[in-house]
Amino acid sequence: MTLFLDRDVVINDEIRDGYVLRPDMFRFSEGVLTAMPLRARRFNRSVVVTNQRCIGRGLLTTEGLNEIHRHLLEQITQRGGRIDRIYFCPDEESNSPCRKPGTGMGLQAKLDFPEINFTESVMVGNTLSDMQFGKSLGMQTVFIPSTRPDTPFPHPLIDRRCQNLLQFAAAVQ
């Protein structure tokens, strides 16, 4: 089984009307560092798929994003968690095939890890765009309502709703 995770608001706290532009701006959401080792036992592989329009807008470089991600990976690994790869879409255009809900990042993950079976995978995110990404690839979807609590449930794109990544990780033990 493969776990696909959105980054912003699922793994780290939101910067309202802004972006995480430096490692010191990155703050793990409550319970994430506890959740990561729990879900590492359940899933054979885990990847992050994140839209990073801030690069296309010239607010952050790819090198700067990689520095933020090194910090993220280091903290998760130190606590017994695992992320196998982080995929990001730097494109500013909403219709980019790599930008969620487009499936480009998922298809790239499948190329890199041919054993991924989308029908046995789970996408965890906080937007309907994340849910559409997962559904388009045949995944189960888990919605974290952190920044969009009014999103209706049940919803055709949402299979499960959890308050945060820790609640999801505890439920799938």
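**Exercise 1. Find which residue L5 faces in the neighbouring strand, then work outward to the whole sheet.**

Solution. Start at the pair itself: L5 stands opposite V124, which belongs to β4. Keep in mind that you're looking at a predicted model.

Next, zoom out to the two strands. β1 and β4 are paired in the parallel sense, with three bridges between them.

Now add the rest. The sheet is open and has six strands, ordered β3-β2-β1-β4-β5-β6, with parallel pairing. At the edges you'll find β3 (85-89) and β6 (160-161); each has a single partner strand, so one side of each lacks a neighbour in the sheet.

Last, put a helix on it. α3 packs on the sheet and touches β2 (45-51) and β3, and its direction makes about 145° with that of β3.

**Exercise 2. Work out which residues of the largest nonpolar core touch the most other members, and which elements supply that core.**

Solution. The largest nonpolar core has 30 residues, and those touching the most other members are L5, I11, L72, I83, V124, L165 and F168. Both halves of the pair from the first exercise, L5 and V124, are on that list.

Then ask where the core comes from. Two or more residues each are given by β1 (2-5), α1 (32-42), α2 (53-56), α3 (62-78), β4 (122-125) and α6 (165-171).

Don't stop there, though: a separate second core holds 15 residues, including M105, F113, F133 and L137.

For a close-up, pick I11. Setting aside neighbours within four places in sequence, I11 has contacts with L5, D6, F26, R27, F28, S29, V32, V48, L72 and I83.

**Exercise 3. Locate the cis peptide bonds at P101 and P154 and say which loops these prolines sit in.**

Solution. As background, most peptide bonds are trans.

Take K100 and P101 to begin with: a cis peptide bond joins them, with omega about 20°. P101 sits in the loop that runs between β3 and α4 (104-112).

Move on to F153 and P154. The bond from F153 to P154 is cis too, and its omega is near 10°. Look for P154 in the loop between β5 (140-143) and β6.

**Exercise 4. V9 and D17 have positive phi values; decide whether each is buried or exposed.**

Solution. Most residues other than glycine have a negative phi.

V9 isn't a glycine, yet its phi is near 85°. D17 isn't one either, and its phi is about 55°. V9 lies in the loop between β1 and α1, and that loop between β1 and α1 also holds D17.

Now apply the cut-offs: buried is under 20% relative accessible area and exposed is over 50%. V9 comes out at 10%, so it's buried. D17 has 83%, so it's exposed.

**Exercise 5. Sum up the overall build of the protein chain, from its element pattern to its radius of gyration.**

Solution. Count the elements: there are six helices and six strands. In sequence order they read β-α-β-α-α-β-α-β-α-β-β-α.

Then check how compact the chain is. Its radius of gyration is 15 Å, close to the 16 Å from the globule rule for 173 residues, so the chain is as compact as a globular protein of that length. The C-alpha trace spans about 35 × 35 × 35 Å along its principal axes.

Finish with burial and contacts. Of the 173 residues, 49% are buried. Among contacts between residues at least 6 apart in sequence, 61% link residues at least 24 apart. The exposed area is about 8,200 Å², with 48% of it supplied by carbon and sulfur atoms.

How values were computed
Residues are numbered from 1 along each chain as its sequence is written. This is a predicted model: local features need pLDDT of at least 70, side-chain atom pairs count only at pLDDT 80 or more; totals for chains, interfaces and linings use all residues. Side-chain values use heavy atoms; hydrogens and water are left out. A nonpolar core is a set of buried Ala, Val, Leu, Ile, Met, Phe, Trp, Tyr and Cys residues joined through side-chain atoms within 4.5 Å. Buried means under 20% relative accessible area, exposed over 50%, partly exposed in between (1.4 Å probe, protein chains only). Helices (H or I, at least four residues) and strands (E, at least two) are DSSP runs, numbered from the N terminus. Contact means heavy atoms within 4.5 Å. Two strands pair if DSSP finds at least two bridges between them. Axes are lines fitted to C-alpha atoms, for helices over the stretch in contact, and angles run from 0 to 180 degrees between N-to-C directions. The radius of gyration is taken over C-alpha atoms; the globule rule is 2.2 Å times the number of residues to the power 0.38. Accessible areas come from the Shrake-Rupley method with a 1.4 Å probe; for residues, only the protein chains shown count as cover.
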